[in-house]
Amino acid sequence: MDHASSTYIAHIQRAIASRRSFALGDLSDQPVERTQISQILEAANWAPSHGKTEPWRFVVYTGAARQQLGTAFGHAFRLINPQHAPGSEGEQAQINRAWQAPVWIALGMQPSGKMPEWEDLVAFGCAVHTMHLMASALGLAGKWTSGAVVMHPHVAEVVGFAPATKLYGFFYVGHPAVAWPTGVRQPIETKVRWADE
Ligand SMILES: Cc1cc2nc3c(=O)[nH]c(=O)nc-3n(C[C@H](O)[C@H](O)[C@H](O)COP(=O)(O)O)c2cc1C
């Protein structure tokens, strides 16, 4: 498809505006094809980075390996909430969480030391966004999740990111079990000032 053709622009516009975040409970149990996971990772790898530092690092959990994540989430919950008795409802909810999506991609940012860290972090954010765009284009339901439990240093260690690579949560992905949600944004006019005269 030619750049600047109306079809190309319409597809890009649709891909951008229809990318949606899905709640974990809105995913089905259906596994995701490995080729689709690869497409998502490949898309992420095309993000821009100043100095070509490409600071994004990913660890993909599927199938039985999600047990490691569930255990790590449960342990992190206990470390954050020492007042809760072992085996509490909250801990169990964190353990169960890992099984609610067929694919969990740990999101790591490895600072290059070559560029200011904020630039690597922004490049990393672009990579996660591109990943999400591809997931949505494939009709898959995903979300970047970044709560205290999933970002806990213990989880980073289990994933194998500590200490150089920073864990910034997970992108989970699966097939949608609900209708595709509609997005909402404040009008762009509320965020832009034109200086043209
Ligand atoms: C860096 C980052 C972290 C996020 N972390 C969470 C999270 O922890 N929990 C959550 O429900 N959504 C999280 N989101 C998703 C946002 O809630 C979501 O993007 C927003 O509601 C807009 O919806 P949309 O993605 O469908 O356009 C995160 C998004 C970004 C960019």
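## Sheet

In this predicted model, four strands form an open sheet in the order β1-β2-β4-β3, and their pairing is antiparallel. Strands β1 (56-62) and β3 (141-145) lie at the edges, each pairing on one side only. From one strand to the next, the twist averages 20°.

The pairing of β1 with β2 (residues 103-109) is antiparallel and involves seven bridges. Within this pairing, Trp56 has Met109 of β2 as its bridge partner.

## Helices against the sheet

Helix α2 (residues 34-44) lies across three strands, β1, β2 and β4 (166-174). Relative to β1, helix α2 runs at about 170°.

Helix α5 spans residues 117-137, 21 residues in total. From the first C-alpha to the last, α5 reaches 30 Å, close to the 30 Å expected at 1.5 Å a residue. The buried residues of α5 are Glu119, Asp120, Ala123, Phe124, Ala127, Val128, Met131, His132, Ala135 and Ser136. Their cover includes two helices, α1 (6-18) and α2, together with strands β1, β2, β3 and β4. Just after α5, Gly139 adopts a positive phi of about 80°.

## The α3-α4 pair

Helix α3 (residues 66-80) and helix α4 (residues 89-97) have axes that come within 7 Å and cross at roughly 150°. Angles over 145 degrees count as roughly antiparallel, and α3 and α4 are therefore roughly antiparallel to each other. The crossing of α3 past α4 is right-handed. On the α3 side, the contact is made by Gly70, Phe73, Gly74, Phe77 and Arg78. On the α4 side, Gly90, Glu91, Gln94 and Ile95 make the contact.

## Chain as a whole

The protein chain contains six helices and four strands. Along the sequence, these elements follow the pattern α-α-β-α-α-β-α-β-α-β. The C-alpha atoms fill a box of roughly 65 × 45 × 35 Å, taken along the principal axes.

The chain has 197 residues, of which 37% count as buried. Among contacts between residues at least 6 apart in sequence, 79% join residues at least 24 apart. The pairing of β1 (56-62) with β2 (residues 103-109) and the cover that β4 and α1 (6-18) give to buried residues of α5 have been described above.

Conventions:
Residues are numbered from 1 along each chain as its sequence is written. This is a predicted model: local features need pLDDT of at least 70, side-chain atom pairs count only at pLDDT 80 or more; totals for chains, interfaces and linings use all residues. Side-chain values use heavy atoms; hydrogens and water are left out. Two strands pair if DSSP finds at least two bridges between them. Axes are lines fitted to C-alpha atoms, for helices over the stretch in contact, and angles run from 0 to 180 degrees between N-to-C directions. Contact means heavy atoms within 4.5 Å. The expected span of a helix is 1.5 Å times one less than its number of residues. Buried means under 20% relative accessible area, exposed over 50%, partly exposed in between (1.4 Å probe, protein chains only). Angles under 35 degrees count as roughly parallel, over 145 as roughly antiparallel, 65 to 115 as roughly perpendicular and the rest as oblique. A crossing is left-handed if the near helix is turned anticlockwise from the far one by less than a right angle, and right-handed if clockwise.
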